[in-house]
Amino acid sequence: MVKYKVTVYTGSNFSATTLNKVFIKLVGEDGESFRTKLVSLKGAASFYRGTSSKFSVCTDLDIGKVLLIELDKQPILLTPKDAWFVDKVCVKTPDKKVYTFPIYRWIDDTNVHRFREATALRVIDDTHHLGRYSREQELKKRAEDYNWHVYADGLPHCIKTSGLASLPCEVQFSFTKTSEFAFTAATGLLELNLKGLANQRTLWKDFEEIDKVFCNKSTDISEYVKKHWREDAFFGYQYLNGNNPILIRRCTSLPDNFPVTDEMVFVHGCKSFSDEMQKGNIYLCDYKTLDGVMTNVINEKRQYLVAPLVLLHKTPDDKLKPIAIQLKQTPSDDNPIFVPSDSEYDWLVAKAFVKSADFSEHQLNVHLLRTHLLAEVFSLSLLRNMPMVHPLYKLLIPHTRYTLQINFLARRLLISDTGVFTQFASSGGKGMFTILRRSLSSMTYTSLCIPDDIAERGVESLPNYYYRDDGLRLWDIIHRFVKGVLSYYYKNDQEVKDDVELQKWIQDIYEHGFLSQDGTGIPQSFSTVEEMVKFVTMVIFTCSAQHGAVNSGQYDYGGWMPNTPITLQQPPPIKKGTATEASFLQTLPNVDTTVQGMATMWLLSRQSSDFAGLGCYPDFHFSEEKPLNLIHTFQEELIQLSIKIKERNKSLEVPYTYMDPSEVENSVAI
Ligand code: FE2
């Protein structure tokens with residue numbers, strides 16, 4: 001008789017306990033145990049949340065190296081079936097060798113579940129037939145549970161699900177997250193004390209009236225925005241460190257459709273436009289993807305969205321100021337080029353149209369598509385193609401947390417026919433799909449990898465660009481970590497080429513995420529370790545740092561509505577000298593639309609109490625010393641960067657916190 005000591009760790013999350021009977025079978029290279037009921041002196045308390053319990057499992061003969069365990073649970077007569085969250089199981093052999101089986105998931109049915117020993121194995125390393133069989137069975141089940149769905153033509157594919165309850169329990173929100181996260185604009189309205197205004201379809205009378213509503217909830221930055229939103233330097237600053245820090249690019253020659261002249265922008269003749277361009281002092285923001293997009297109808301009124309061109313000048317005192325704005329793409333007499341020397345309200349209205357266009361560009365392309373929808377593709381491909389024992393699964397699974405559910409909710413509550421965005425944004429409805437389709441079809445791999453993106457946009461030397469500075473440092477730290485982990489498992493390029501599971505992962509991403517578009521630079525297979533490391537770095541960066549940069553400041557920069565109008569209800573001016581404070585207020589969204597936007601941005605900027613910060617891996621999927629050491633170094637480097645960022649922020653008028661590793665979440669979870 002051979003006795004194995006089995007320790008079962010039940011998770012500490014809410015309702016992780018099971019009162020059901022639990023059975024285990026140990027499967028080794030040389031044999032297996034019987035399916036054995038786990039009984040201990042603790043009785044019914046053996047599988048209480050947060051506890052570990054020890055059991056004995058006996059076999060006639062030594063089963064050799066333990067490859068996997070089979071777990072199942074069955075309800076006791078008259079007690080209900082429950083869901084059990086298991087962290088891990090450890091098996092100690094008579095010769096004191098310990099095998100760990102990471103689980104970190106719910107078991108809510110009566111089926112038998114197989115879990116592999118923690119040592120990461122690529123398919124080629126999985127030489128035992130039982131290991132291979134278990135691997136195939138796991139992927140077969142995953143392919144049944146996780147399917148691709150075409151939500152709309154031309155968009156990345158998403159998870160197929162008939163409703164929230166049909167999402168596999170392992171990818172659903174925790175109880176804490178669910179109970180905190182009542183994802184409706186009504187909740188936000190309540191929190192902001194704005195419920196009474198939700199049906200008020202009237203114009204704002206003056207800025208004081210907006211301020212009274214805004215006062216209910218503000219942040220340090222949103223207060224700053226309220227004070228400075230009219231200033232040109234702050235308008236320029238937001239292209240570097242606001243919600244959309246990826247549009248600005250160095251301008252080396254003016255686009256043909258933007259006929260700005262020296263006389264327009266350098267009125268005193270003190271500077272030449274071409275000189276300034278050559279020196280790298282001129283920058284361009286071009287919203288061409290918004291051109292001709294069908295706009296929304298809100299409160300029976302057609303809304304307005306423009307596709308502006310904005311020219312910015314880096315001044316000798318390192319400010320970035322707008323110097324010319326053309327609101328529509330095609331130059332014409334009724335499409336004036338506005339400049340700072342125009343009347344106060346001509347210039348302010350022009351800037352407001354730009355800010356409103358930027359809201360749509362940011363929310364749809366920069367935030368929804370380039371972080372949420374891509375993160376879903378990365379996650380779904382991982383779940384379909386990678387067994388838990390694969391090193392890439394272990395590396396990436398923490399970066400998929402909550403993404404499938406948050407995106408399901410976004411589709412249902414933000415962009416569905418009755419969604420908040422559909423109802424209240426100028427690009428809500430048909431226009432939204434046009435923008436998303438155009439954005440995906442023009443997306444490049446370069447633009448997703450921050451070091452390449454910064455170089456491609458020519459913004460290496462722009463001063464005060466903290467998104468770039470923090471982002472590049474974070475990319476380096478993530479890259480070092482990913483390289484360390486993956487080079488430990490892949491010793492040469494051939495091993496990368498030969499890993500069929502890895503190749504299927506990237507192939508699915510290329511097909512279902514980037515819709516097999518040629519010419520985007522997105523890899524469709526990996527030929528080298530280096531290519532794989534770069535892509536995986538991009539995945540982690542996108543799901544964590546990039547999402548933080550474009551998500552966390554939504555209320556900071558959008559809470560004070562005049563800085564980020566989600567829609568505009570008067571057409572753009574066709575000549576100068578017509579705008580006044582009154583016409584500006586008539587152009588801004590109505591009270592009801594404003595408060596719906598504020599409430600949504602408030603909810604989406606909020607940090608959950610079960611937030612998992614970047615590099616925080618409470619689930620120990622890896623067991624080998626090398627990856628564990630690399631995780632430790634990764635965490636240390638993130639702490640050091642966070643200290644540096646906090647120190648730097650002390651001297652800034654507006655601190656840049658969105659890429660501080662202590663504020664960045666591991667995954668797209670909000
Ligand atoms: Fe988000």
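1. A word on terms before we start: two strands count as paired if DSSP finds at least two bridges between them. With that in hand, Lys3 stands opposite Cys58 in S4. Please keep in mind throughout that this is a predicted model.

2. Lys3 and Cys58 lead us to a pair of strands, S1 and S4, which run antiparallel to each other and are joined over eight bridges. On the other pairing of interest, S1 (residues 2-10) meets S6 (residues 84-92), again in the antiparallel sense, over six bridges. Within that pairing, Val8 has Val89 of S6 as its bridge partner.

3. Now for the whole sheet. Four strands make up an open sheet, and their order is S4-S1-S6-S7, with antiparallel pairing. Strand S4 (52-59) and strand S7 (98-107) each have a single partner strand and stand at the edges, so one side of each is left without a neighbour in the sheet. From one strand to the next, the twist averages 20°. As general background, strands of a sheet pair through backbone hydrogen bonds, either parallel or antiparallel.

4. Strand S4 is a nice one to look at side chain by side chain. In a regular strand the side chains alternate between the two faces of the sheet. Along S4, Ser53, Phe55, Val57 and Thr59 point to one face and are buried. Ser52, Lys54, Ser56 and Cys58 point to the other face and are not buried.

5. Next, the loop between strand S5 (66-74) and S6, where Leu77 has its place. Is Leu77 buried or exposed? Its relative accessible area is 76%; exposed means over 50%, so Leu77 is exposed. Together with Ile76 and Leu78, Leu77 forms a nonpolar patch on the surface, and the three have about 400 Å² of accessible area together.

6. The metal site deserves your attention too. Which protein donors does the iron ion have? They are His367 (NE2), His372 (NE2), His547 (NE2), Asn551 (OD1) and Ile670 (O), at 2.2 to 2.4 Å from the ion. The spacing of these donor residues in sequence is H-x4-H-x174-H-x3-N-x118-I. Among the donors, His367 and His372 are buried.

7. One last spot is Thr587, which belongs to helix H21 (residues 581-587). Its relative accessible area is 8%; buried means under 20%, so Thr587 is buried. Thr587 and Gln569 are 18 residues apart in sequence, and their C-alpha atoms are 5.0 Å apart in space.

Methods: Residues numbered from 1 in each chain as written. Predicted model: local features only at pLDDT ≥ 70, side-chain atom pairs only at ≥ 80, totals over all residues. Heavy atoms only, no water. Helix = DSSP H or I, 4+ residues; strand = E, 2+ residues; numbered from the N terminus. Axes fitted to C-alpha atoms, helices over the stretch in contact; angles between N-to-C directions. Patch = residues over 30% accessible without salt bridge, like charges linked within 9 Å, V, L, I, M, F, W, Y side chains within 5 Å. Areas by Shrake-Rupley, 256 points an atom, 1.4 Å probe, with all protein chains shown as cover. Salt bridge = Lys/Arg side-chain N within 4 Å of Asp/Glu carboxyl O. Buried < 20%, exposed > 50% of the residue type's maximum accessible area, 1.4 Å probe, protein only. Donors = N, O, S within 2.8 Å, 3.2 Å for Na, K, Ca; no water.
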